[in-house]
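Work through the exercises below with the sequence and coordinates open. Each task is followed by a solution in steps.

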Amino acid sequence: MAHGEVLEFEEYVRTRQEALLRSARRLVPDPVDAQDLLQTALARTYGRWDGIADKSLADAYLRRVMINTRTEWWRARKLEEVPTEQLPDASVEDGTEQRADRALLMDILGVLAPKQRSVVVLRHWEQMSTEETAAALGMSAGTVKSTLHRALARLRQELESRDLDARALERGEHAARNEGRERCAA
């Protein structure tokens, strides 16, 4: 790569780093993994920078590289996962409602397949049009629409399921407290 292109790439990274890191953060829930994802995507893009004729499409190219890299990681990690009967406790960092909602959303995005998650992130977080999302993911607009429809239905189903589980847990705790009171009164 010529010295001028190296400087051009460095300038691009300097100006777009924060936006690209936000995109990476939306693709993987862990902030450290998001930084790793972005760095890997940047390293892969650096080697191909001179091949990107229209630099205005560099963001789309990098997002595609991040999505592909995340999918590779997901496939590799999937083989290492071991099912357990009890899930780890979900933690809420700050306790504010907004952070709790964000944590819940990031958690339930994990139930989606990588393709579905990519479509949801690009359409709703990145606010890309259907056509832009289709171009970024290399699929037709119709496939984006149907994938998005199925993904949102899956997310709704997961939210409803978690809401029902929470209500059942509350009823169980309430019944246990009442039973304890009855024993004390007797």
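**Exercise 1.** Does arginine 162 count as buried, partly exposed or exposed, and at what relative accessibility?

Solution. The model is a predicted one, in which local features need pLDDT of at least 70 and side-chain atom pairs count only at pLDDT 80 or more, while totals for chains, interfaces and linings use all residues. Residues are numbered from 1 along each chain as its sequence is written, and side-chain values use heavy atoms, with hydrogens and water left out. Step one is the scale: buried is under 20% relative accessible area, exposed is over 50%, and partly exposed lies in between (1.4 Å probe, protein chains only). Step two is the value: arginine 162 has 26% relative accessibility and is therefore partly exposed.

**Exercise 2.** Find the salt-bridge partner of arginine 162 and place both residues in the fold.

Solution. A salt bridge requires a side-chain nitrogen of Lys or Arg within 4 Å of a carboxyl oxygen of Asp or Glu. Arginine 162 meets this rule with glutamate 158, the closest N and O atoms being 2.8 Å apart. Both residues lie in helix 7, four residues apart, about one turn of the helix. Helices are DSSP runs (H or I, at least four residues), and strands are E runs of at least two, numbered from the N terminus.

**Exercise 3.** Which residues are linked with glutamate 158 in a network of salt bridges?

Solution. Start from glutamate 158, which is buried at 13% relative accessibility. Its side chain also meets that of arginine 154 in a salt bridge (3.4 Å, N to O). Arginine 154 and glutamate 158 are four residues apart in helix 7 (residues 141–185), and arginine 154 is partly exposed at 29%. Adding Asp107 completes the network of Asp107, Arg154, Glu158 and Arg162.

**Exercise 4.** Which parts of the chain does the salt bridge between aspartate 59 and arginine 16 tie together?

Solution. First, the closest N and O atoms of this pair are 2.5 Å apart. Next, aspartate 59 lies in helix 3 (residues 58–78) and arginine 16 in helix 1 (residues 3–27), so the bridge joins parts 43 residues apart in sequence. Last, aspartate 59 is buried at 15%, whereas arginine 16 is partly exposed at 27%.

**Exercise 5.** How many helices, strands and salt bridges are there?

Solution. The chain has seven helices and zero strands. The salt-bridge count comes to eight. Buried residues make up 30% of the 186 residues.
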